[in-house]
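Reader: Hey, could you walk me through this one? I'm new to it.
Author: Sure, have a look at it and ask away.

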Amino acid sequence: MSLLDRFDFGDQIPTIYYCFYGMIAWRFEHLQVCTNFLRRGVESGLVTGNPTDGIHCAMHVIKGSFFGGENLLSVLKEIDHFLHLLGSYSQSEARNYLLNFRETVATLIDTGNSTDIEARSSPPSDTNLESIFLVHKAIRMYWLGYTDRCNRFIEKSLEVIGQSGEYMSYLMKFYHCKNTQYTCMMLCRNESSLSPCIFCLHSHILHLYYYRSKLT
């Protein structure tokens with residue numbers, strides 16, 4: 001990343017931002033910081049003729065803004081903006097990904113009563129996307145009050161993701177704690193001291209911005 005200040009990478013910026021800020025930097029950078037760089041990656045990709053990685057950046061923008069605590073109405077608006085951009089490109093995977101996030105955001109805002117759309121995501125064939133879909137189903141079931149369904153999706157998601165090392169696994173463990181009355185530290189007692197801090201902090205942000213969105 002330090003080489004970006006010394007050399008002109010041009011159309012490689014979206015790729016670099018997607019790989020670093022989308023998949024690595026969340027472990028030690030604020031999600032809001034990562035999201036801002038990823039937005040630059042989207043713009044750069046569209047301008048320099050690298051739309052594929054620009055769209056990948058857009059997918060991570062939504063992930064970062066959603067889990068980073070941005071206002072839900074703003075997240076919804078940005079998702080719809082990216083879905084509109086995708087109308088010019090053949091990117092069914094990205095569209096499916098964004099629609100999945102959109103369904104969750106609409107559920108958290110008003111259970112989709114006034115924010116829903118007819119378009120729906122379809123079951124993914126890719127294993128990486130499958131884990132994202134299971135995570136979102138668990139989140140939606142939690143907020144709709146279906147604890148048993150939430151737990152089933154948590155168990156399925158952890159089978160795909162694994163028990164540690166990924167952001168989504170931390171998030172699912174947090175919701176498991178909420179459902180079973182465990183504390184996050186108890187569930188992660190065998191993990192590194194950093195892991196509980198990561199998912200406890202970000203998951204509490206998710207809860208806080210949900211209530212904030214209801215008031216704005």
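Author: Below we go from the overall fold to single residues; keep in mind that this is a predicted model.

Reader: Okay, basics. How many helices and strands does the protein have?
Author: Ten helices and zero strands. From the N terminus on, the elements run α-α-α-α-α-α-α-α-α-α.

Reader: And what share of the residues is buried?
Author: Buried residues make up 50% of the 216 residues in the protein.

Reader: What about the surface, how much is there and which atoms does it belong to?
Author: The accessible surface comes to about 11,200 Å², and 52% of that belongs to carbon and sulfur atoms.

Reader: How much of the contact count comes from residues 24 or more positions apart?
Author: Taking the contacts with a separation of 6 or more, 60% are between residues 24 or more positions apart.

Reader: Switching to charges. How many salt bridges does the structure hold?
Author: Five. One of them is between the side chains of Glu70 and Arg39, at 3.2 Å from N to O. That pair links distant parts of the chain: Glu70 is in the loop between α3 and α4, Arg39 is in helix α2 (residues 31-48), and they are 31 residues apart.

Reader: Is Arg39 buried or partly exposed?
Author: Arg39 counts as partly exposed, because its relative accessibility is 21% and buried means under 20%.

Reader: Which salt bridge does Arg102 make?
Author: The side chain of Arg102 meets that of Asp80, with 2.7 Å from N to O. Arg102 lies in helix α5 (residues 92-110) and Asp80 in helix α4, so the pair ties together parts that are 22 residues apart in sequence.

Reader: And the two ends of that bridge, buried or partly exposed?
Author: One of each. Arg102 counts as buried at 5% relative accessibility, whereas Asp80 is partly exposed at 32%.

Reader: Which partner does Glu103 have?
Author: Glu103 forms a salt bridge with Arg140, and their closest N and O atoms are 3.8 Å apart. Here too, distant parts of the chain are linked: Glu103 is in helix α5, Arg140 is in helix α6 (residues 127-144), and 37 residues separate them. Glu103 is partly exposed, with a relative accessible area of 24%, while Arg140 is buried at 7%.

Reader: Which residues are joined into one network by salt bridges that share partners?
Author: Arg39, Glu70 and Glu78.

Reader: Now Asp53. Where is it, and what is the nearest side chain of opposite charge?
Author: Asp53 is found in helix α3 (residues 51-67). The nearest side chain of opposite charge is Lys63, 15 Å away. Asp53 is buried and has no salt bridge; the 15 Å distance to Lys63 explains that, because a salt bridge needs the nitrogen and oxygen within 4 Å.

Reader: So what does the side chain of Asp53 join up with in a polar contact?
Author: The side chain of His56, at 3.2 Å. Leaving out residues up to four places away in sequence, Asp53 touches Pro14, Thr15 and Tyr18.

Reader: Last topic: which residues form a nonpolar patch on the surface?
Author: Met23, Ile24 and Phe28 do, with about 290 Å² of accessible area together. Met23 lies in helix α1 (residues 13-23).

Reader: Why can Met23 be part of a patch?
Author: Met23 is partly exposed, with a relative accessible area of 38%, and it qualifies because patch residues need over 30%.

How values were computed: Residues numbered from 1 in each chain as written. Predicted model: local features only at pLDDT ≥ 70, side-chain atom pairs only at ≥ 80, totals over all residues. Heavy atoms only, no water. Helix = DSSP H or I, 4+ residues; strand = E, 2+ residues; numbered from the N terminus. Buried < 20%, exposed > 50% of the residue type's maximum accessible area, 1.4 Å probe, protein only. Lys, Arg positive; Asp, Glu negative; His and termini not counted. Polar contact = N/O pair within 3.5 Å; in protein donor to acceptor, adjacent residues only side chain to side chain. Contact = heavy atoms within 4.5 Å. Patch = residues over 30% accessible without salt bridge, like charges linked within 9 Å, V, L, I, M, F, W, Y side chains within 5 Å. Areas by Shrake-Rupley, 256 points an atom, 1.4 Å probe, with all protein chains shown as cover.
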